[in-house]
Amino acid sequence: MKMCYDGWGEEVINDASIVVPNYLWHVFTRFNWGEPWGAATREGQLEWRLTNQRFFARNFIPSMLGWFLVRSASDQFEATSPDEIEWVLSKAAVFNAGFALVADMQVLGRNGNIESVFTSVREWEAARQAGAFTSEQRERMKDPKSDWHLEAAGDGKWNLYPVHISKPLVCNPAELQPGQPGGADWTYFNRYADQPLKFTLCVIPSYGNDDASIKRPTFYTNGVYMTFDTEILVNQYLICEGDRIGKVYDQNWNLLKTVHASADAPIVRTGGQPLSFSCKFEGAPKPLVSVRVTTWGEGEEVVK
């Protein structure tokens, strides 16, 4: 290794795993350990990645979070979404750490959200490298379960929002009793201020039936019904950002159509509340419906 290093004749940026002889501390630019294979973005060797940051700090090694993978949809994983990438970027900001983002060109080409992903990387990295996050902000972002959203707000300025994404709220028609309407009643707790309902709905095939669908998905909470008069096939998403507009995407986040709801999005109050869902299921066996509710906290300024 020393012969190779000396032979370069000039500095070469190089990257290696952490399990190496101590001598290589003098040779390597960085140790980038932590791999995405076989696990979801938020789960892949997370504890080891975070432990490494403390090791790096003790040993005067530049902080690196490891490798992360931009995925297409598969039987095991959903396609990479912007909120997953922002989760990675927020943890990089916490430790002022770099990372390796693995992306096949074909995967990038079929992911309809890739421009949003690139924008997020550009803004988060610009803020991180400018030292814009305060120690107090970085401390709050340390929580591995926390999500954050960063928006550009002018030259050298950004707005940072805490985000809560619920666990999947599942409607399974196989669990309905005879005569029971096709729907589900959930309880949801909003930790932030009152705000319009924002959600991501996914139709999941049951027992491999890819010909199933749902029609007229309806949400009800706090006295307001919101119905989308449309059909959503399995492996498709319906996304609402807190208005009357619903966007239907394929499994790789390519926009298929835009639909309008019967009413404005109902208000999700601060604290706990019931949230009801109903739809008409098509196909046998009928598909499952998974809903994740998203709420945002108050924004705060991030300045270069």
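# Notebook: α3, its surroundings and two buried residues

I began at the end of α3, where the helix is followed by Asn 96, a residue whose phi is positive, near 50 degrees. I note at the outset that this is a predicted model, and that what I record below was computed from it.

**Overall view.** I then stepped back to the whole chain, which has 6 helices and 20 strands. Its C-alpha atoms fill a box of roughly 75 × 40 × 30 Å, taken along the principal axes. Of the 304 residues, 47% count as buried. I also looked at contacts between residues at least 6 apart in sequence, and found that 67% of them join residues at least 24 apart.

**Helix α3.** Returning to α3 (82-95), I checked its length: at 1.5 Å a residue its 14 residues should span 20 Å, and the end C-alpha atoms are 20 Å apart, which agrees. I asked myself whether α3 is mostly covered or mostly open, and found that it is mostly covered, with 11 of its 14 residues buried. Among these buried residues are Glu 84, Glu 86 and Lys 91, as well as Ile 85, Trp 87 and Leu 89. The buried residues of α3 pack against the helices α2, α5 (114-129) and α6 (135-141), and also against the strands β3, β4 (98-102) and β5 (147-152).

**Helix α5.** Since α5 appears among the partners of α3, I looked it up next. Its 16 residues should span 22 Å at 1.5 Å a residue, and its end C-alpha atoms are 22 Å apart, which agrees. Its buried residues are Ile 114, Val 117, Ser 120, Glu 123, Trp 124, Glu 125, Ala 127 and Arg 128. These pack against α3, β4, α4 (105-110), α6, β5 and β6 (157-165). Just after α5, I found that Gly 131 takes a positive phi of about 65 degrees.

**The cavity.** How many cavities of 30 Å³ or more does a search of the whole structure find? I noted 1, and its volume is about 50 Å³. The residues lining this cavity are Leu 46, Arg 49, Leu 50, Leu 65, Phe 68, Trp 87, Val 88 and Lys 91. I noted that α2 (46-58), β3 (64-69) and α3 each supply at least two residues of that lining. By class, the lining has 6 nonpolar, no polar and 2 charged residues. Trp 87, Val 88 and Lys 91 were already on my list of buried residues in α3.

**Pro 36.** I next turned to Pro 36, which sits in the loop between β2 (30-31) and α2. At 6% relative accessibility it counts as buried, the cut-off being under 20%. Not counting residues up to four places away in sequence, Pro 36 touches Arg 49, Trp 67, Phe 68, Leu 69 and Arg 71; Arg 49 and Phe 68 also line the cavity. I compared its position with that of Asp 155, 119 residues apart along the chain, and found their C-alpha atoms separated by 34 Å.

**Gln 195.** My last entry concerns Gln 195, in strand β9 (residues 195-196), which counts as buried at 8% relative accessibility. What lies by the polar atoms of its side chain? The backbone oxygen of Ala 193 is 3.0 Å from one polar atom of that side chain, and the backbone nitrogen of Trp 296 is 2.9 Å from a polar atom of the side chain. Leaving aside neighbours within four places in sequence, I found Gln 195 in contact with Asn 190, Pro 266, Ile 267, Val 268, Thr 295 and Trp 296.

Definitions and conventions: Residues are numbered from 1 along each chain as its sequence is written. This is a predicted model: local features need pLDDT of at least 70, side-chain atom pairs count only at pLDDT 80 or more; totals for chains, interfaces and linings use all residues. Side-chain values use heavy atoms; hydrogens and water are left out. On a 1 Å grid over the protein atoms alone, a cavity is a set of points where a 1.4 Å probe fits but cannot get out, and a pocket is an open set with protein on both sides within 12 Å along at least five of seven lines; lining residues have an atom within 4 Å of a point. Grid points are joined across faces, edges and corners, and a volume is the space filled by probe spheres set on the points. Helices (H or I, at least four residues) and strands (E, at least two) are DSSP runs, numbered from the N terminus. Ala, Val, Leu, Ile, Met, Phe, Trp, Tyr, Cys and Pro count as nonpolar, Asp, Glu, Lys and Arg as charged, and the others, Gly among them, as polar. The expected span of a helix is 1.5 Å times one less than its number of residues. Buried means under 20% relative accessible area, exposed over 50%, partly exposed in between (1.4 Å probe, protein chains only). Contact means heavy atoms within 4.5 Å. A polar contact is a pair of N or O atoms within 3.5 Å; within protein, one must be able to donate a hydrogen and the other to accept it, and residues adjacent in sequence count only if both atoms are side-chain atoms.
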